[in-house]
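Each term applied to a structure rests on a cut-off. The questions below ask for the grounds.

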Amino acid sequence: MDTVIIDGLSFALPLFIMAIGGIYSEKSGITNLALEGFQGFGAFIGALAAVLTAYAFGVDIQNLFYVALLFAMIGGMAFAVIHAVLCIKFKADQVISGVVINILALALTTFLTTQINSIVFGSASDKFQLGVMNRFTVPVLADIPIVGAVFTNVYPFELIIIVIAVFAWYLLYKTKFGMRLKACGDNPHSVDAAGVNVSKIRFAAVLISGLLSGLGGMCFAYSISANFSSNIYMGYGFLAIAALIFGNWQIVPTLAACLLFGFAKSGGSFIAQSMALPSSYTDLFMILPYVLTLLLLIFFSKSNRAPRALGEIYDKGKR
């Protein structure tokens, strides 16, 4: 049981921070299917910064997580500019833009990883080896039955995500910026009538989604994957989108959905290992989060209420 909780949290929290990024974008009215691409490109930039720093200064790459994290957020935000410009400046179809960005991110990062490894390190590998982060256990609290698992073998990034998530919640629900952002997704013309630039608010929201997705991608790379490679594109971005839809575009219910997906994933892995099943059957159990996603969307999608102007191209001249 402890293993299920520990591994479930380490998967659910990066997924959650990516979902918050999606909430920011979609609450502002911009459909964002590009979370997968933001996640992957952000993780690529973070991993690249880490491996180059380790190579240049002879530092253990596992000690460069915070450097990688910073550059991953910058990289994710920079890549999000493409989606923002296409959808806001050039009024492109938001769904098509998101799909294309995901494909671009996968192809571009795989090519660049191989080329950089070949030129700099003399090895035509398609991976940046990062290793798994060191964990820590909180004394006393870890000894509490069942609940103690939450404080056992904790990744440092889990605390970072919780702090950032609390700040993101406050920014969205308790500040003027958050109020304007949500209004942009429901009635952008009223925001414009109040003298606020709708495009700037939406642009900022998409950049925030890129920043948070890059953070989530880097956390996956340093924990589940232990490297950066094309394996980082495992559908996690779409799982985050499913979580925010199931959470009705609200942060707290989305957390519950992410925890559900995380425990389904870790539970499936635990069952497969306990039964000593062959690898093919292990892979079958690993689809549990995605099956659960389909079931939840079937039963709960009818009661969801998306932002009223979600996906609509804003035209200042129409009221």
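What follows is a set of questions and answers on the terms used for this model.

Q: What makes a residue eligible for comment in this model?
A: The model is predicted, so local features need pLDDT of at least 70 and side-chain atom pairs count only at pLDDT 80 or more, while totals for chains, interfaces and linings use all residues. Residues are numbered from 1 along each chain as its sequence is written, and side-chain values use heavy atoms, with hydrogens and water left out.

Q: How do you know how many helices and strands the chain has?
A: Helices are DSSP runs of H or I with at least four residues, and strands are runs of E with at least two, numbered from the N terminus. The chain comes to twelve helices and two strands. Their order from the N terminus is α-α-α-α-β-α-α-α-α-β-α-α-α-α.

Q: Why is the chain called as compact as a globular protein of its length?
A: The radius of gyration, taken over C-alpha atoms, is set against the globule rule, 2.2 Å times the number of residues to the power 0.38. The chain has a value of 20 Å, close to the 20 Å that the rule gives for 319 residues, so the chain is as compact as a globular protein of that length. Along its principal axes the C-alpha trace spans about 60 × 50 × 40 Å.

Q: Why is serine 25 called buried?
A: Buried means under 20% relative accessible area, exposed over 50%, and partly exposed in between (1.4 Å probe, protein chains only). Serine 25 has a relative accessible area of 0%, so the residue counts as buried. Serine 25 is found in helix α1 (residues 2–27). Over the whole chain, buried residues make up 48% of the 319 residues.

Q: What does serine 25 touch, not counting residues up to four places away in sequence?
A: Contact means heavy atoms within 4.5 Å. On that basis serine 25 touches Ile30, Asn32, Ala205, Val206 and Ser209.

Q: Which of the terms buried, partly exposed and exposed fits lysine 182?
A: Its relative accessibility is 23%, so lysine 182 counts as partly exposed. Lysine 182 lies in helix α6 (residues 176–186). Leaving aside neighbours within four places in sequence, lysine 182 is in contact with Lys27, Leu172 and Tyr173.

Q: Why does lysine 200 count as exposed?
A: Lysine 200 has 61% relative accessibility, and therefore counts as exposed. This residue lies in helix α8 (residues 198–225). The C-alpha atoms of lysine 200 and isoleucine 82, 118 residues apart along the chain, are separated by 15 Å.

Q: What is notable about the phi of isoleucine 146, and is the residue buried or exposed?
A: Isoleucine 146 has a positive phi of about 65° although it is not a glycine. The residue is found in the loop between β1 (128–129) and α5 (156–174). At a relative accessible area of 55%, isoleucine 146 is exposed.

Q: Is tryptophan 249 buried or exposed?
A: The relative accessible area of tryptophan 249 is 6%, so the residue is buried. Tryptophan 249 is in the loop between α9 (236–246) and α10 (251–274). Tryptophan 249 has a positive phi of about 60° although it is not a glycine.
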